[in-house]
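Let's take a friendly walk through one protein chain. Have the sequence and the 3D view open while you read.

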Amino acid sequence: MNLKTSKTIYWSGAIFISLWFGASGFFELTKNPVVWDITVKLGYPPHFIYILGVAKLLGVAVLLTPNRFLRLKEWVFAGIFFDITFAFFSKLAVLGFAPTVDAIIAFIAISITYIMFRKLYPATYTKAGAEQVVNNFERV
């Protein structure tokens, strides 16, 4: 797979996820009955729903910022993964299997998007030697 294809898949996924979670965050902040009533039915308190809405909108802003905030994007991907996981299991426990289809679709979309993110921005790890660790402490 070439770079252009990876970028196209990544940005398509990022836009799709951003529209999905941006709308969800907006609906949570505006108490839209479609989202709000289901979330309350799942047992989540109102203050948590507002916090979740703000976090989703901030995450969307980070996700759509090109070539910046790469470490923060990792956190956004993790947050979206946890949100989807909790939504899936909450819906499964309270509403049954059928309403979990959206969480399954979201999980597939975020997984593919994250894989493309890693192809475009590979994580590099270096082994810190004892001398490097000491120098890092000296800078503090």
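The report below covers confidence, one helix, salt bridges, a loop and a surface patch.

**Reading the model**

This is a predicted model, in which local features need pLDDT of at least 70 and side-chain atom pairs count only at pLDDT 80 or more, while totals for chains, interfaces and linings use all residues. Residues are numbered from 1 along each chain as its sequence is written, and side-chain values use heavy atoms, with hydrogens and water left out.

The score called pLDDT is the predictor's confidence in each residue, on a scale from 0 to 100. Here the chain has an average pLDDT of 91, and 91% of the residues reach at least 70. Confidence varies along the chain: among its elements, helix α3 (residues 46-63) has the highest mean pLDDT, 97, whereas helix α6 (residues 130-139) has the lowest, 51. The names come from DSSP runs, numbered from the N terminus: helices are H or I runs of at least four residues, and strands are E runs of at least two.

**Helix α3**

Let's begin with α3. Its 18 residues should span 26 Å at 1.5 Å a residue, and its end C-alpha atoms are indeed 26 Å apart. The expected span of a helix is 1.5 Å times one less than its number of residues.

To describe cover, we use relative accessible area: buried means under 20%, exposed over 50%, and partly exposed in between (1.4 Å probe, protein chains only). In α3, the residues I49, L52, G53, K56, G59, V60, V62 and L63 are buried. What covers these buried residues includes α1 (3-29), α2 (33-41) and α4. Contact, the basis for cover, means heavy atoms within 4.5 Å.

**Salt bridges**

K56 leads us to the charged pairs. A salt bridge is a side-chain nitrogen of Lys or Arg within 4 Å of a carboxyl oxygen of Asp or Glu. The whole structure holds 4 salt bridges, and the table shows three examples.

| Pair | N to O distance |
|---|---|
| K56 and E28 | 3.0 Å |
| K56 and D83 | 3.9 Å |
| K91 and D102 | 2.6 Å |

Which residues are linked in a network of salt bridges? They are E28, K56 and D83. K56 and E28 meet through their side chains; this pair links distant parts of the chain, with K56 in helix α3 and E28 in helix α1, 28 residues apart. K56 also forms a salt bridge with D83. Because K56 lies in helix α3 and D83 in helix α4, that pair ties together parts that are 27 residues apart in sequence.

Are the members of this network buried or exposed? K56 counts as buried, at 11% relative accessibility. E28 is buried at 3%, and D83 is buried at 18%.

K91 pairs with D102, with the closest N and O atoms 2.6 Å apart. The two link K91 in helix α4 to D102 in helix α5, 11 residues apart. K91 is buried, with a relative accessible area of 12%, whereas D102 is partly exposed at 30%.

**Two loops**

Now look at the loop between α3 and α4, where N67 is placed. Phi of N67 is near 55°, a positive value in a residue other than glycine. N67 counts as exposed, at 56% relative accessibility. F69 is also in the loop between α3 and α4, and its phi is likewise positive, near 55°. F69 is partly exposed, with a relative accessible area of 42%.

The loop between α4 and α5 holds T100. T100 is buried, with 0% relative accessibility. Leaving out residues up to four places away in sequence, T100 touches F88, K91 and L92.

**A nonpolar patch**

We finish on the surface. F81, F82, F86, F89, L92, F97, I104, F107, I108 and I112 form a nonpolar patch there, with about 960 Å² of accessible area together. The elements that give two or more residues to the patch are α4 (70-94) and α5 (101-120), and α4 supplies the largest share, 5 residues. One patch member, I104, sits in helix α5 and is partly exposed, at 33% relative accessible area.

Patches are made of residues with over 30% relative accessible area and no salt bridge; like charges are joined within 9 Å, and nonpolar side chains (Val, Leu, Ile, Met, Phe, Trp, Tyr) within 5 Å. Accessible areas come from the Shrake-Rupley method with a 1.4 Å probe, and for residues only the protein chains shown count as cover.
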